[in-house]
Amino acid sequence: MIIVSTDGSCLKNPGGAIGWAWVDHEGPSRSGGAVSGTNQIAELWALVEAIVAHPGPDPLLIESDSQYAIKCASEWLPGWKRKGWKTASGAPVKNLELVQDIDRAITERTGPVRFRWVRGHVGNHYNELADKLAGEAARAVANTPEKSRPWRGLTPAPAPAARPVAAPLRDPEPELTLF
């Protein structure tokens, strides 16, 4: 099983620079950002980038401290899709393009994708690393907007070079798994 932690960052919510990151527990990490967005956009962007970056038949478990992102990708997405991308109240789904890209990425991936919520800022090594990288990405695009790229669907721009991940301080404890 491939385990990946994701996180998003927004320097001023809404409208500030955003960053996203994913960290493979046994391999590389990637991050990026945009000059303007919301924390929810950054969290969803991190999910779709993680799924697209890990194709293949192996099961993929994505850990996130964003209940919103996890519920969007697993709990709410099937109902929204059945209802023509409308919420239970009939309103349009927010961040629809990202939600649809997550749906497409999950559908096109040959192996299963699961999500697990982890509590943020409690010493979970991979969550803390994803948080750090997402914050750095947001600050980088705030300081040098030419490094920014707005979300344009599932055609990712070249990602920064992968970085090795340090060994965890301790095994993260699973808290909640959503299927």
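Is W80 buried or exposed? At 12% relative accessibility, W80 counts as buried, because the cut-off for that word is under 20%. Keep in mind as we go that this is a predicted model.

Let's stay with W80 for a moment, since it has company. W76 and W80 make an aromatic pair of the tilted kind, with 5.7 Å from centre to centre and 45 degrees between the planes. Both sit in helix 2, and because they are four residues apart there, about one helical turn separates them. W76 has a relative accessibility of 32%, so it counts as partly exposed. Add Y68 to W76 and W80 and you have one aromatic cluster. Across the whole structure, a search turns up three aromatic pairs.

Now for the charged residues. Side chains of opposite charge can pair when their charged atoms come close. This structure holds four salt bridges, and three of them are worth a walk-through.

Start with E63 and R116, whose closest N and O atoms are 2.5 Å apart in their salt bridge. E63 belongs to strand 4 (residues 60–64) and R116 to strand 5 (residues 113–117), so this pair ties together parts that lie 53 residues apart in sequence. You might look for a charged pair like this on the outside, but E63 is buried, and R116 is buried too. The strands themselves help place the two: strand 4 and strand 5 pair in the parallel sense over five bridges, and E63 stands opposite R116 in strand 5. As for strand 5, it is mostly covered, with four of its five residues buried.

Next, find K81 and D103, whose side chains meet in a salt bridge at 2.9 Å, N to O. This pair also links distant parts of the chain: K81 is in helix 2 (residues 67–82), D103 is in helix 3 (residues 96–108), and their positions lie 22 residues apart in the numbering. The two partners are not covered alike. K81, at 43% relative accessibility, counts as partly exposed, whereas D103, at 13%, counts as buried.

The third one, between E136 and K132, stays within one helix. Their closest N and O atoms are 3.1 Å apart. Both are in helix 4 (residues 125–143), and because they are four residues apart, about one helical turn separates them. E136 counts as partly exposed at 30% relative accessibility, and K132 is partly exposed as well, with a relative accessible area of 47%.

That leaves the nonpolar interior. Which residues touch the most other members of the largest nonpolar core? Of its 33 residues, they are L44, I51, I62, I102 and F115. Several elements give two or more residues to this core, among them strand 1 (2–10), strand 2 (18–24), strand 4, helix 3 and strand 5. Helix 1 gives the most, with eight residues.

Zoom in on I51 to get a feel for the packing. Leaving aside residues up to four places away in sequence, I51 touches L60, I62, I102, A105, I106, R109, V113 and F115. Two of the names just listed, I62 and F115, fall within strand 4 and strand 5, the strands that pair in the parallel sense. Finally, there is a second, separate core of six residues, which includes V23, Y126, A130 and A134.

Methods: Residues are numbered from 1 along each chain as its sequence is written. This is a predicted model: local features need pLDDT of at least 70, side-chain atom pairs count only at pLDDT 80 or more; totals for chains, interfaces and linings use all residues. Side-chain values use heavy atoms; hydrogens and water are left out. Buried means under 20% relative accessible area, exposed over 50%, partly exposed in between (1.4 Å probe, protein chains only). Two strands pair if DSSP finds at least two bridges between them. Rings of Phe, Tyr and Trp (its six-membered ring) pair if their centres lie within 6.5 Å; planes under 30 degrees apart count as stacked, over 60 as edge-to-face and the rest as tilted. A nonpolar core is a set of buried Ala, Val, Leu, Ile, Met, Phe, Trp, Tyr and Cys residues joined through side-chain atoms within 4.5 Å. Contact means heavy atoms within 4.5 Å.
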